[in-house]
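Hi everyone, thanks for making time. I'd like to walk you through one structure today, so have a look at it on the screen while I talk.

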Amino acid sequence: ILPGQYVKPFVKREKTDALDAQAIAIAASRADIPSVPVKSADQQALTVLINTRAFFVRQRTKAFQAFRGHLSEFGIITGTGTAKLERLAIELRAGAIQEIPIAVRDVILAIYDEIEALSIKIARFERELASLSKQENDTRRLLAIPGVGPITASTIKAYVPDATLFKSSRQFASWLGLAPRAHNSGGKSRSGPISKRGNPVLRALLFISGLTLVRQAKAKAHAVDAWLARLVERRPYKVAAIAAANKIARVVWALLSKGGTYRTPTYA
């Protein structure tokens, strides 16, 4: 299997099956075009579970926004977070918020019921992913990495069947879209924002892992990496989180491609 974006440049003029086959044959003969490894049935099943959970998370986020948006139409502004919405739902059911008409209250409570139903489904899928992450040797080793939880470890195992296909940890981070865009012209090199290429679900989970480490470094609640502690002091919050996610991706590549277990880095 070849990536479509690498085959497309070899298609001549109009699109026909014969020209597509010719382009595939030309691309397959080139050593610099990587192939896509075929996933096993178990890996495909795991990706379905992960994508379904991500789908329900997106639906719940939309329901959260609708809930808060309808309330703001009547001058009730609330922050984000499940706990705040739950308190508002309790007040709505008790009739404590007089600014909301009864018809609108029923609609908003119906949205909250949908949020609760989606939360139950998401929690069930997360329990299944946590159970699966304890059965595989690779995912158990990934769980030792700071910031990596069962969902992230299972997602990495599902979407990265063979880490040895990548030549280096930087290539792996670039494949995930966590490396900066490169622009070289006239002998001058300039780095831009991250490319955001690759799998968006996996990249988002690694970014959340980076946010967790940055939050711990800011709060100084846990023993954090000395490199990250220095980075948090001099760089913006999200920039530090991206850097932490990039480093997590590099550690993941090292564990999956070279074996071994995670060891806490030591600094002089």
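I'll start with the cores, move on to a helix crossing, and finish with a few single residues.

One thing up front: this is a predicted model, so keep that in mind throughout.

Okay, the cores. The largest nonpolar core has 44 residues. Which residues have the most contacts inside it? Those are Phe-172, Leu-206 and Leu-228. As for where the core comes from, seven helices each supply at least two residues: H3 (41-72), H5 (102-133), H7 (150-159), H8 (169-175), H9 (200-219), H10 (226-234) and H11 (237-258). H11 gives the largest share, with nine residues.

Let's zoom in on Leu-228. Leaving out residues up to four places away in sequence, Leu-228 touches Leu-213, Val-214, Ala-217, Ala-240 and Ala-244. There's also a second core, separate from that one, with 16 residues. Phe-64, Leu-71, Leu-88 and Ala-89 are among them.

Now for the helix crossing. Find H5 and H7 on the screen: their axes come within 8 Å and cross at roughly 65 degrees. Angles from 65 to 115 degrees count as roughly perpendicular, and that's why we call H5 and H7 roughly perpendicular to each other. The crossing is left-handed. On the H5 side, the contact is made by Glu-126, Leu-129, Ala-130 and Ser-133, and on the H7 side by Pro-150, Ile-151 and Ser-154. What kinds of residues are in this contact of H5 with H7? Four are nonpolar, two are polar and one is charged.

Stay around there and look for Arg-53, which sits in helix H3. Is Arg-53 buried or exposed? Its relative accessible area is 14%, so Arg-53 counts as buried. And who does Arg-53 meet, once we set aside neighbours within four places in sequence? Arg-53 is in contact with Ile-122, Phe-125, Glu-126, Leu-129 and Ile-151. You've heard some of those names already: Glu-126 and Leu-129 are on the H5 side of the crossing, and Ile-151 is on the H7 side.

Right beside Ile-151 in the numbering comes Thr-152, in helix H7. Thr-152 is buried too, because its relative accessible area is 6%. Not counting residues up to four places away in sequence, Thr-152 touches Leu-205, Leu-206 and Ser-209. Remember Leu-206? That's one of the residues with the most contacts inside the largest core. If you want a sense of scale, Thr-152 and Thr-80 are 72 residues apart in sequence, and their C-alpha atoms are 23 Å apart in space.

Here's another pair like that. Ala-204 is in helix H9, and its relative accessibility is 38%, so Ala-204 counts as partly exposed. From Ala-204 to Ile-100 there are 104 residues in sequence and 36 Å in space, C-alpha to C-alpha.

Last topic: backbone angles. Most residues other than glycine have a negative phi. Two residues here go the other way. Arg-13 has a phi near 50 degrees; you'll find Arg-13 in the loop between helix H1 (4-7) and helix H2 (17-28). Lys-196 also isn't a glycine, and its phi is positive at about 60 degrees. Lys-196 lies in the loop between strand S2 (188-194) and H9. Are these two buried or exposed? Arg-13 is exposed, at 77% relative accessibility, and Lys-196 is exposed as well, at 58%.

That's it from me, thanks for listening!

Terms used: Residues are numbered from 1 along each chain as its sequence is written. This is a predicted model: local features need pLDDT of at least 70, side-chain atom pairs count only at pLDDT 80 or more; totals for chains, interfaces and linings use all residues. Side-chain values use heavy atoms; hydrogens and water are left out. A nonpolar core is a set of buried Ala, Val, Leu, Ile, Met, Phe, Trp, Tyr and Cys residues joined through side-chain atoms within 4.5 Å. Buried means under 20% relative accessible area, exposed over 50%, partly exposed in between (1.4 Å probe, protein chains only). Helices (H or I, at least four residues) and strands (E, at least two) are DSSP runs, numbered from the N terminus. Contact means heavy atoms within 4.5 Å. Axes are lines fitted to C-alpha atoms, for helices over the stretch in contact, and angles run from 0 to 180 degrees between N-to-C directions. Angles under 35 degrees count as roughly parallel, over 145 as roughly antiparallel, 65 to 115 as roughly perpendicular and the rest as oblique. A crossing is left-handed if the near helix is turned anticlockwise from the far one by less than a right angle, and right-handed if clockwise. Ala, Val, Leu, Ile, Met, Phe, Trp, Tyr, Cys and Pro count as nonpolar, Asp, Glu, Lys and Arg as charged, and the others, Gly among them, as polar.
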